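User: Can you walk me through how a couple of pieces of this model pack? Here it is.

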Amino acid sequence: MSQTNSLVKVIREIDAKTREEKAKAKSSDEKVVIIDKKKWQAVPKKPLFGDLAFYLVCNNNDPSNIAERQALPYYLTYFVTGEKLGISITYWASCEPGNEEKVAETLCRGKTLGEALDKKIEKWIADFTRNDASVFLENYSIQLAKLREYVKIKVKEEVGINLELKLSLEKEAQLQPFTIPSFPMDVYVSDCDDTLELQIQTELIVDENNKVKAIFNDVKDALKWRELVKQFKSEVKNYLLRQITIDQFSYELKDTVRDQLVAHLNSILINYGRKVGYLSLSSNAVASAKQLVPIKCKVECEVQKYSEPIFVGNTILMLPLNTARYKPNEASKLAEWVESELEKIIKPLMLKKKYIDVLCDFEDVAEEIKKQMQYEAKSIGYAVNQIVSVPNLEHLELKENFDIEVYQKTFATNDANVKVILGISATAKIEDFTKIQDYLKPKTDIKKLIEETIYRATSQFLNNISPERYYMRFYHAGVDENGRPERESVQEELISVIKKELKARFSAEVSRITTNIYDTEIAKHFKKLYGMIGSFAVEVSSNVDIEEAVKFQGDFQIEGVETNSWYKFQARKPEIDKIRESLEKNLNRNLSAFTKDDLQYINLEYLSLIERLINEWATDIVVEQFGLKIRITNLYRIRTEQEKLLAGEKVNQLQAAREARQKQLAAQGEMTSITNQFKLSELTKLREKRLKLIAGEDNEDEIEELDEKIRVLEKEVRVSSLEEATSKVVKPQTSKSPSLREVAEKAKLQGSKNNPALDTAHDTALPELEGKNSE
């Protein structure tokens with residue numbers, strides 16, 4: 001036996017020389033065991049005399065000290081058939097430290113060390129299976145695990161070796177799946193005498209729990225192969241005849257019938273150690289249920305008071321109750337039968353109805369159709385599981401929400417010269433068809449009539465709407481031409497008009513109306529101007545008395561189109577530069593008639609008056625020429641050259657006066673300091689004199705006189721500088737001009753983020769300006 005199939009990695013016999021070498025090495029993963037061959041026992045030391053054998057036992061301190069060995073098969077007799085079955089034995093052996101002497105004592109008596117261990121394993125297999133080999137083989141998968149554990153324990157206890165054991169049936173590797181190719185066969189079912197064709201294909205695989213029976217019934221044996229196929233066919237036929245109905249065969253062949261047949265075949269194949277891997281069943285004997293449903297057909301009918309025929313569409317689901325009653329060869333006629341029966345049922349029912357009855361309520365007719373079809377279907381072994389009957393009426397869609405589109409249409413406003421473009425879409429449904437019976441005629445397009453009604457109502461409504469209201473207040477209510485607040489926007493009012501008209505004429509409930517404004521050329525031009533801010537500059541030379549021109553600058557913006565002026569704006573289509581040019585010419589002409597004092601305003605009151613006049617003149621001229629309303633903002637006057645010179649001279653004068661005043665204050669301060677020093681010197685002298693008088697007698701009157709002088713002088717020295725400084729502080733001069741509050745009250749100004757604007761009173765005459773003639 002080769003070394004790879006021996007126990008040399010665990011135990012081997014060595015000579016005396018090798019024993020000496022290994023003894024000196026003193027390795028922890030191997031040990032030399034000395035056996036006395038007379039007693040077959042290990043001795044701790046080598047005696048001087050005796051028949052000895054030396055063994056080197058390797059333990060698993062070194063993981064590589066594991067021996068793999070293939071033993072000879074062990075044969076069991078299967079008493080049911082008398083056949084023998086071999087068990088292949090493969091094992092992996094290792095020795096734990098400390099068991100070296102026990103391993104050597106147990107295995108040294110055999111012909112070889114490996115055969116000694118093989119014999120012991122065979123003995124324990126025989127002990128385990130001795131009572132009943134048949135039970136072991138019939139329960140092979142369960143018994144094998146128990147046997148493996150039994151042998152492993154025995155080897156550990158009696159030999160001292162750790163054993164991993166692999167046991168397998170000798171012919172197990174030869175077992176293969178067995179395919180039965182597709183073949184046809186004629187079969188019968190329990191409730192039908194007709195022959196049914198069945199196509200079968202299958203594969204029989206090994207039952208892992210019955211491998212022993214699969215080995216004893218090896219299908220490679222031709223005799224056993226024919227026996228198995230014959231048994232298979234017989235069981236299929238018998239099962240279908242006893243257990244399956246024609247309905248099950250026709251409609252459940254590939255699922256329920258297949259699953260039941262697999263379970264039955266497995267109960268038979270267990271005796272052969274096999275089971276069904278897959279099973280394919282097919283038959284063309286009866287059409288499948290899915291090919292029979294749904295059946296669709298239309299029935300042409302006539303109703304009262306309607307000149308055109310109408311159609312009732314039907315979708316029906318037919319399910320078999322008794323397929324044997326409905327012959328397989330008649331399956332193709334089922335659709336014809338359904339259509340014929342529906343015509344017999346529906347035509348008489350519809351002749352009793354008026355068009356509006358069918359349109360408003362078809363449910364009672366549909367229910368009667370279903371009831372009669374269910375009754376008729378039973379006669380051919382079928383049931384009507386579901387049937388949907390719907391009349392194909394041209395006005396039926398009006399019962400549910402439908403959409404109407406009035407695409408881009410041109411409408412006239414109350415100014416016939418100004419047109420607008422508007423699109424309208426609506427969603428509505430007819431609530432009561434009895435109120436529109438006059439429209440319920442063949443080929444009458446009610447949706448088209450509704451569309452025309454929406455167009456006509458919109459046209460009439462917009463004929464009364466001014467262009468400025470349409471363009472400026474379509475989505476949001478504002479103030480009308482007379483200054484009165486509007487209750488609704490143009491859109492809201494138009495929607496109300498359309499809903500009211502559709503309700504009155506068609507009994508239509510409108511759930512949605514949307515409008516889409518499309519820009520005309522004039523609307524596009526207005527939007528362009530409305531988003532711009534223009535600037536103007538006017539250099540005015542008075543025709544009365546001014547010597548130097550006065551320059552005014554400001555901004556203007558378009559506020560809207562003047563009432564009844566859309567056609568003028570549409571006809572002229574002014575650009576921003578043209579408006580600026582006209583504005584500057586008009587302002588230059590009007591302002592040149594003012595005097596120097598009027599143009600060179602010096603306070604807020606003058607600015608407000610000039611701004612009011614410029615706004616009025618500008619608005620009038622732009623309205624007159626272009627039909628547009630504008631507003632002037634950020635008006636201001638640029639200082640003239642004369643004013644700049646005067647301002648410079650005034651600055652110089654103020655600077656000179658400031659410097660002179662500072663010199664005067666310095667001189668006054670110096671004089672005040674000299675005076676104070678003189679008074680302090682005098683005060684010192686008076687105090688010294690008083691001290692001398694106190695030392696004498698009868699000087700009370702003179703002392704009292706000195707005290708009075710001292711008090712007066714001390715008072716003057718203590719407060720004079722503060723009072724003098726206070727009296728000489730330069731206070732700002734109070735302006736005699738009116739305050740901002742007074743000007744606002746007099747001119748009735750209102751706050752503005754640009755320039756204050758005067759109250760828009762109807763009186764445009766200039767008020768008498770204060771100080772005009774005094775300068």
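User: How are α14 and α16 oriented to each other?
Analyst: They are oblique to each other, because that word covers angles outside the ranges under 35 degrees (roughly parallel), over 145 (roughly antiparallel) and 65 to 115 (roughly perpendicular). Helix α14 (residues 446–462) and helix α16 (residues 490–506) pack at about 140°, with axes 10 Å apart. Axes are lines fitted to C-alpha atoms, for helices over the stretch in contact, and angles run from 0 to 180 degrees between N-to-C directions. Helices are DSSP runs of H or I, at least four residues, and strands are runs of E, at least two.

User: Predicted model, or not?
Analyst: This is a predicted model: local features need pLDDT of at least 70, side-chain atom pairs count only at pLDDT 80 or more, and totals for chains, interfaces and linings use all residues. Residues are numbered from 1 along each chain as its sequence is written, and side-chain values use heavy atoms, with hydrogens and water left out.

User: Which residues of α14 meet α16?
Analyst: Among them are Ile 446, Leu 449 and Phe 461 in α14, while the α16 side includes Val 490 and Phe 506 (contact means heavy atoms within 4.5 Å).

User: Now the sheet. What is the strand order?
Analyst: The order is β8-β9-β10, an open, antiparallel sheet of three strands (strands pair if DSSP finds at least two bridges between them).

User: Which strands are at the edges?
Analyst: β8 (178–189) and β10 (274–282) are, each with a single partner strand, so one side of each has no neighbour in the sheet.

User: How many bridges join β9 and β10?
Analyst: Eight, in the antiparallel sense. Ile 205 has Lys 275 in β10 as its bridge partner.
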